[in-house]
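Visitor: I'd like to zoom in on one spot in this model, a single side-chain contact, and then have you walk me outward from there. Keep it chatty, but tell me what your terms mean as you go.

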Amino acid sequence: MTSHQRILAALGGLLAAAAGLGLGELTAALAGGTSPVVGVGTQLIDLAPGPAKDWAVKNLGTADKPILVGGVLVAVAVFALVAGAVGVKRPRVALGMTVLLGLLAILAAATGRSLATNAVVRVLPGVITLLVATAGMYLVLRARGYSLRRKSPTSAQPEIEPGTENKAGTGIKSEAGTELKPDAGTGINPEAGTESKPEAEAPDGFDRRKFLVTTFALGAVGAAGGVVSRVLPGGVDEATRRGIRLPVPASRAKALPAGVAADAAGVSPFTTPNKSFYRVDTLLTVPKVDPRNWELRIHGMVDKEIRLNFADLLNRKLIERDITLTCVSNEVGGPYVGNARWIGVPIAEILREAGVQDGADAVKSTSVDGLTIGTPLAALTDGRDAIFAIGMNGEPLPFDHGFPVRMVVPGLYGYVSATKWIVDFEVTRFDDFSAYWTDRGWSVEAPIKTSSRIDVPKGFARVKPGPAVAAGVAWAQHRGIEKVEVQVDDGPWQEAKLADEAGIDIWRQWTFRWDATSGNHTLTVRATDKTGQVQTSDRAAPRPNGSSGLHNTVVMVE
Ligand SMILES: Nc1nc2c(c(=O)[nH]1)N[C@H]1C(S)=C(S)[C@@H](COP(=O)(O)O)O[C@H]1N2
Ligand SMILES: [Mo]
């Protein structure tokens, strides 16, 4: 066996797997089942230990998803290459490995979160992957002379064990390219060697042309399936989303005061554009839910179950509000906070119509992929602007941010309140369920902690000596920001100038003027909310209920 042939064999394994995956992905795109790659990736997300996930969110940010998909593809490729190479001597092991790959896809689809509700449809892409990849591997092996059907000449003999190897290097080779031990005493199948047909001596039984044609065909099938599955629209398209006309809200957002933005270059825009709004979720492919088929079921501990479709929401009284969202995974000074102008239906009104029963203290909401979020009922009924949002910054929700409908609740971290692609809303008790993230070590309840961030100067910025300005944002949603202070090195806390307040559910910008003297200086910021709570300097990691500590930045004055 030359290394050249082993490389070809490995390639055969790779292309067999590619054909299986390609057609599996195509099936997912056409029939709507769980994509093998996304299904396995999603299971990895859901099964990943907390620290691994925290690390990914912190170090990879929103690139974590392409990296995960890429990782799954690389792992599959390596496994398939190995399977192909192993097939040179152990065809059945190669087939087994390929079947295993398919089983993995089926298992992930059967047990994981999925957009497909029908169980058969769900696993269909995995089944196709298994069948096509295994058939592909068999074709590759056959081009190398292996046959499942071939029995050893004497019917009483068991099938030639493909793993048998001739250590002396002098043995007769079977068609499968398997060298057989001439020594009857040590072989697994003693007689096999001596009874091999003469044509088995043809070097390797390797039909080069057949092999190349087979692998080329498999590669083509894989590539075609993969490409077509990517270009198929898969759900509703961007034109449909853009085409939705949002009604004028019955209650408009308050006009922003003229001075809400800090007067400093480089500070975050007061309203975060949709394109740069942070995105945090567990989905590898963004759902493209068709609003015409969308329905929200409000049920559980209510007197009357309510079902709302998208048109029902458009026809209800809509409110428009500026609300700042924050992710619990945001590190001190981190980017996972954004402020948008939302349009939506007040959740409290729908709950009133449904009639909440005594004893309920929570809502379990579920997104189209089956992810669950638990929200305290009180936060939905205490008068704050908790909404089923359909609009974000003047357009229908972007797909990334939950189209067609998501929840937005001022004051609570996103993972306990901001269900995107919502389809189910169950009034219940915290004692009776556990939500996705609480199963993974995050707190059941999580109000947003009073925080502040320095946007400018950036860390290690070079600043000229003399009058200098620092600026940033502070947030304490639903309590409001009362004061922001900045400390230069170990000096006293000095009050920053607050920009105008737009509302207590909205972040607040600040500027701080100081006299920069030569040398390195550390600027530290802290906020005080309207309950009088001063932002703590005690450092805490995001897990289990939000980071704490003070953001600082080092500037070099020269
Ligand atoms: N369906 C669904 N909704 C979700 C999530 C998710 O993973 N799936 N992530 C939540 C988290 S952790 C946050 S911080 C917010 C983020 O919303 P955004 O991506 O629109 O900024 O969405 C929340 N809603
Ligand atoms: Mo989050």
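Guide: Let's start with R453 and S268, whose side chains are joined by a polar contact of 2.9 Å. By polar contact I mean a pair of N or O atoms within 3.5 Å; within protein, one has to be able to donate a hydrogen and the other to accept it, and residues adjacent in sequence count only if both atoms are side-chain atoms. Bear in mind that this is a predicted model, where local features need pLDDT of at least 70, side-chain atom pairs count only at pLDDT 80 or more, and totals for chains, interfaces and linings use all residues. Residues are numbered from 1 along each chain as its sequence is written, chains are lettered from A and ligands numbered from 1 in the order in which they are written, and side-chain values use heavy atoms, with hydrogens and water left out.

R453 sits in strand β11. Strands here are DSSP runs of E, at least two residues, while helices are runs of H or I, at least four, and both are numbered from the N terminus. With a relative accessibility of 9%, R453 counts as buried. On this scale buried means under 20% relative accessible area, exposed means over 50%, and partly exposed is in between (1.4 Å probe, protein chains only).

E320 is another charged side chain to look at. You'll find E320 in strand β3, residues 319-326, and at 8% relative accessibility it is buried. A polar atom of the E320 side chain lies 2.8 Å from the backbone nitrogen of A253.

Back at β11, follow the chain to V456, where the peptide bond to P457 is cis, with omega near -5 degrees. P457 belongs to the loop between β11 and β12 (461-463). A cis bond also runs from R543 to P544, with omega near 10 degrees, and P544 is in the loop between β18 (519-529) and β19 (551-557).

Now the rings. Phe, Tyr and Trp rings (the six-membered one for Trp) pair if their centres lie within 6.5 Å; planes under 30 degrees apart are stacked, over 60 edge-to-face, and the rest tilted. By that rule there are 11 aromatic pairs. In one of them, W294 and F310 have ring centres 6.5 Å apart and planes at 90 degrees, so the pair is edge-to-face. W294 is in the loop between α9 (238-243) and β1 (295-300) and F310 is in helix α10 (residues 310-315), so the two rings tie together parts that are 16 residues apart in sequence. W294 is buried at 3% relative accessible area, and F310 is buried too, at 7%.

In another pair, Y415 and W442, the centres are 5.9 Å apart and the planes meet at 55 degrees, so this one is tilted. Y415 comes from the loop between β9 (406-408) and β10 (422-428) and W442 from the loop between β10 and β11 (451-456), so the pair links parts that are 27 residues apart in sequence. Y415 is buried at 8% relative accessibility, as is W442 at 7%.

Ring pairs also link F277, Y278, Y336 and W342 into a cluster, and Y278 takes us to the ligand. Around ligand 1 there are 19 residues, of which Y278, D281, H401, R406 and K420 come nearest; "around" means having a heavy atom within 4 Å. One oxygen atom of ligand 1 is 2.6 Å from an N or O atom in the H401 side chain. A polar side-chain atom of R406 lies 2.7 Å from an oxygen atom of the ligand, and a polar backbone atom of A418 is 3.0 Å from a ligand nitrogen. Taken alone, ligand 1 exposes 520 Å², and the protein buries 99% of that; these areas come from the Shrake-Rupley method with a 1.4 Å probe.
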